[in-house]
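This briefing was prepared for a reader at the bench who wishes to relate a sequence to its fold. Please keep the sequence and the model in view while reading.

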Amino acid sequence: MKTDIREEKKEYIMEIDLPGLTKDEITINYENGYITIRAIKNIEFKADNYIRRERLYGEIRRSFFIGNKKESDIKALYKEGILTITFPKEEISKKSNKGINVE
């Protein structure tokens, strides 16, 4: 997962390349200060007569430490193969969270 992270005045913005996926194939979890992005691409193999196969299939996962954030302040948008996640700079008290919706 190629990822760019940039700092703005009040927030951080992550832009992650995930081409060829739908938002239903992407899950984002936040727990103990870590945000984990997971994508699963399944391709049905209908024929064995391929000469070459290079398209992505399988599972990829990557985690980033972002500190203690309020889950409702973490936003995710998937558009044209790029997952954009924004979250505020300030930290809150430590809390475990379960999931973030991708819009």
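The points below proceed from the whole chain to its strands, its core, its turns and its charged pairs.

The structure is a predicted model. Its protein chain contains zero helices and seven strands, so that the pattern read along the sequence is β-β-β-β-β-β-β. Of the 103 residues in the protein chain, 32% count as buried.

**Overall character of the chain**

- The protein chain exposes about 7400 Å², and carbon and sulfur atoms supply 45% of that area.
- Among contacts in the protein chain with a separation of 6 or more, 58% are between residues 24 or more positions apart.

**The sheet β3-β4-β5**

- Three strands make up an open sheet in the order β3-β4-β5, and their pairing is antiparallel.
- Strands β3 (26-31) and β5 (58-65) stand at the edges with a single partner strand each, and therefore one side of each has no neighbour in the sheet.
- From one strand to the next, the twist averages 15 degrees.
- Six bridges connect β3 with strand β4 (residues 34-41) in the antiparallel sense.
- Within this pairing, Asn 29 has Thr 36 of β4 as its bridge partner.
- As general background, strands of a sheet pair through backbone hydrogen bonds, in either a parallel or an antiparallel manner.

**The hairpin β6-β7**

- Strand β6 (residues 75-79) has alternating side chains: Ala 76 and Tyr 78 point to one face and are buried, whereas Lys 75, Leu 77 and Lys 79 point to the other face and are not buried.
- Strand β7 (residues 82-88) runs antiparallel to β6, and five bridges join the two.
- Lys 79 has Ile 82 of β7 as its bridge partner.
- The two strands β6 and β7 form a hairpin with two residues between them.
- Thr 86 lies in strand β7 and counts as buried because its relative accessibility is 17%, with the limit for buried set at under 20%.
- Leaving aside neighbours within four places in sequence, Thr 86 is in contact with Glu 11, Tyr 12, Ile 13, Asp 73, Ile 74 and Lys 75.

**The nonpolar core**

- The largest nonpolar core has 20 residues. Those with the most contacts inside this core are Leu 18, Ile 26, Ile 28, Ile 35, Ile 37, Leu 83 and Ile 85.
- Two or more residues of this core come from each of β2 (11-17), β3, β4, β6 and β7.
- With residues up to four places away in sequence not counted, Leu 83 touches Met 14, Glu 15, Ile 16, Leu 18, Ile 26, Ile 28, Ile 37, Ala 76, Leu 77, Tyr 78 and Val 102.

**Backbone at two loops**

- Most residues other than glycine have a negative phi.
- Asn 32 is not a glycine, yet has a positive phi of about 50 degrees. Asn 32 is placed in the loop between β3 and β4, and at 41% relative accessibility this residue counts as partly exposed.
- Glu 80 likewise has a positive phi of about 50 degrees although it is not a glycine. Glu 80 lies in the loop between β6 and β7 and is exposed, with a relative accessible area of 74%.

**Salt bridges**

- The structure holds six salt bridges. In general, side chains of opposite charge can pair when their charged atoms come close.
- Arg 6, Glu 8 and Glu 15 are linked in a network of salt bridges.
- Within the network, the side chains of Arg 6 and Glu 8 meet at 3.1 Å, N to O, while the closest N and O atoms of Glu 15 and Arg 6 are 3.2 Å apart.
- Each member of the network is partly exposed: Arg 6 has a relative accessible area of 37%, Glu 8 is at 35% relative accessibility, and Glu 15 has a relative accessible area of 28%.
- A salt bridge also joins the side chains of Arg 61 and Glu 59, at 2.6 Å from N to O. Arg 61 counts as exposed at 53% relative accessibility, whereas Glu 59 is partly exposed, with a relative accessible area of 41%.

Definitions and conventions. Residues numbered from 1 in each chain as written. Predicted model: local features only at pLDDT ≥ 70, side-chain atom pairs only at ≥ 80, totals over all residues. Heavy atoms only, no water. Buried < 20%, exposed > 50% of the residue type's maximum accessible area, 1.4 Å probe, protein only. Helix = DSSP H or I, 4+ residues; strand = E, 2+ residues; numbered from the N terminus. Pairing = 2+ DSSP bridges. Axes fitted to C-alpha atoms, helices over the stretch in contact; angles between N-to-C directions. Core = buried A, V, L, I, M, F, W, Y, C linked by side-chain atoms within 4.5 Å. Contact = heavy atoms within 4.5 Å. Areas by Shrake-Rupley, 256 points an atom, 1.4 Å probe, with all protein chains shown as cover. Salt bridge = Lys/Arg side-chain N within 4 Å of Asp/Glu carboxyl O.
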